[in-house]
Structure formats: C-alpha cells, structure tokens
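Welcome! Take a moment to look over the sequence and the 3D view below, and then we will walk through a few places together.

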Amino acid sequence: MTLNPEKYRRFDPADYLKDIDDVAAYLQIALDDSHEDPSAVPRALGVIARSRNMSELARRVGMSRDGLYKALSDTGNPTWSTILKVTSALGLRFSLHTVA
C-alpha cells in the first residue's frame with residue numbers, strides 16, 4: 001500500500017484578512033498582545049499590508065514599497081509616526097478607552 005504524502009501550505013494570516021472588519025479585529029488582537037510583545041502591532045501591520053496592495057499602501061503612507069516592507073518586517077522597528085500613517089492609510093485609527 002502506497003501512501004500519498006499530503007502537501008500543506010504554510011499558514012499565512014494575510015490570506016484570511018478579507019475586509020476591513022477582519023483587519024480591525026486582527027489589529028485589535030495584536031494591540032491586546034502588545035503589552036507582552038511590543039513587536040505585535042508592527043508585525044500585524046506587516047501582515048495586513050501584505051494582505052492588501054503593498055505598493056499602493058506605501059504610496060499613501062509616503063514611503064517606498066521596500067521601505068514599508070522593511071519597517072513592518074519581523075526585524076523592522078517602525079516609528080510611531082509610521083504606525084499611525086499606516087493605520088490611517090488602511091482607514092483605521094487608534095482610540096483610547098478608560099479601563100476601570
């Protein structure tokens with residue numbers, strides 16, 4: 001009996017971010033995780049950017065595609081200004097709420 005080895009694709013969350021609500025929920029999870037992992041938000045923005053048109057997003061942010069990709073990569077270290085520009089270009093914004 002011969003077994004057919006199954007081939008699996010590597011899981012990429014970018015494949016599942018279909019609309020702005022998915023993007024917002026994914027970014028909220030990253031924000032919630034950021035108190036233990038400060039790279040969670042930039043990394044999530046990198047995934048979100050890959051799920052969208054990276055070149056168009058970079059144009060709206062005012063960066064080169066390669067610069068944006070690098071800033072939002074696992075080894076990137078984007079400024080807060082870049083994070084705010086990216087979220088704004090995606091049609092999102094951060095808001096603060098009291099925690100009682």
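## Around helix α3

Please keep in mind that this is a predicted model. A good place to begin is N53, which caps the N-terminal end of α3. A side-chain oxygen of N53 lies 3.1 Å from the backbone nitrogen of S55. The helix itself covers residues 54-61, and G62 follows α3 with a positive phi, near 90 degrees.

Which residues of α3 are buried? They are M54, L57, A58 and V61. Viewed down the axis of α3, these buried residues fall within an arc of 100 degrees, so they line one face of the helix. Their cover includes α2 (40-51), α4 (65-71) and α5 (80-89).

## The nonpolar core

In soluble globular proteins, nonpolar side chains tend to be buried together. Here, the largest nonpolar core has 23 residues. L57 of α3 appears again among those with the most contacts inside this core, along with L27, L45, I48, L68, V86 and L90.

Two or more residues of the core come from each of α1 (20-33), α2, α3 and α5. The most is given by α2, with seven residues. Take I48 as an example: leaving out residues up to four places away in sequence, I48 touches L17, V23, Y26, L27 and L90.

## The largest pocket

How much space lies in the largest pocket? About 290 Å³. Its lining includes A24, L27, Q28 and L31, together with T87 and the run L92, R93, F94, S95, L96 and H97. The largest share of this lining, four residues, comes from α1. L27 is worth finding in the view, as L27 lines the pocket and is also one of the core residues with the most contacts.

Methods: Residues are numbered from 1 along each chain as its sequence is written. This is a predicted model: local features need pLDDT of at least 70, side-chain atom pairs count only at pLDDT 80 or more; totals for chains, interfaces and linings use all residues. Side-chain values use heavy atoms; hydrogens and water are left out. Buried means under 20% relative accessible area, exposed over 50%, partly exposed in between (1.4 Å probe, protein chains only). The arc is that of the directions from the helix axis to the C-beta atoms. Contact means heavy atoms within 4.5 Å. A polar contact is a pair of N or O atoms within 3.5 Å; within protein, one must be able to donate a hydrogen and the other to accept it, and residues adjacent in sequence count only if both atoms are side-chain atoms. A nonpolar core is a set of buried Ala, Val, Leu, Ile, Met, Phe, Trp, Tyr and Cys residues joined through side-chain atoms within 4.5 Å. On a 1 Å grid over the protein atoms alone, a cavity is a set of points where a 1.4 Å probe fits but cannot get out, and a pocket is an open set with protein on both sides within 12 Å along at least five of seven lines; lining residues have an atom within 4 Å of a point. Grid points are joined across faces, edges and corners, and a volume is the space filled by probe spheres set on the points.
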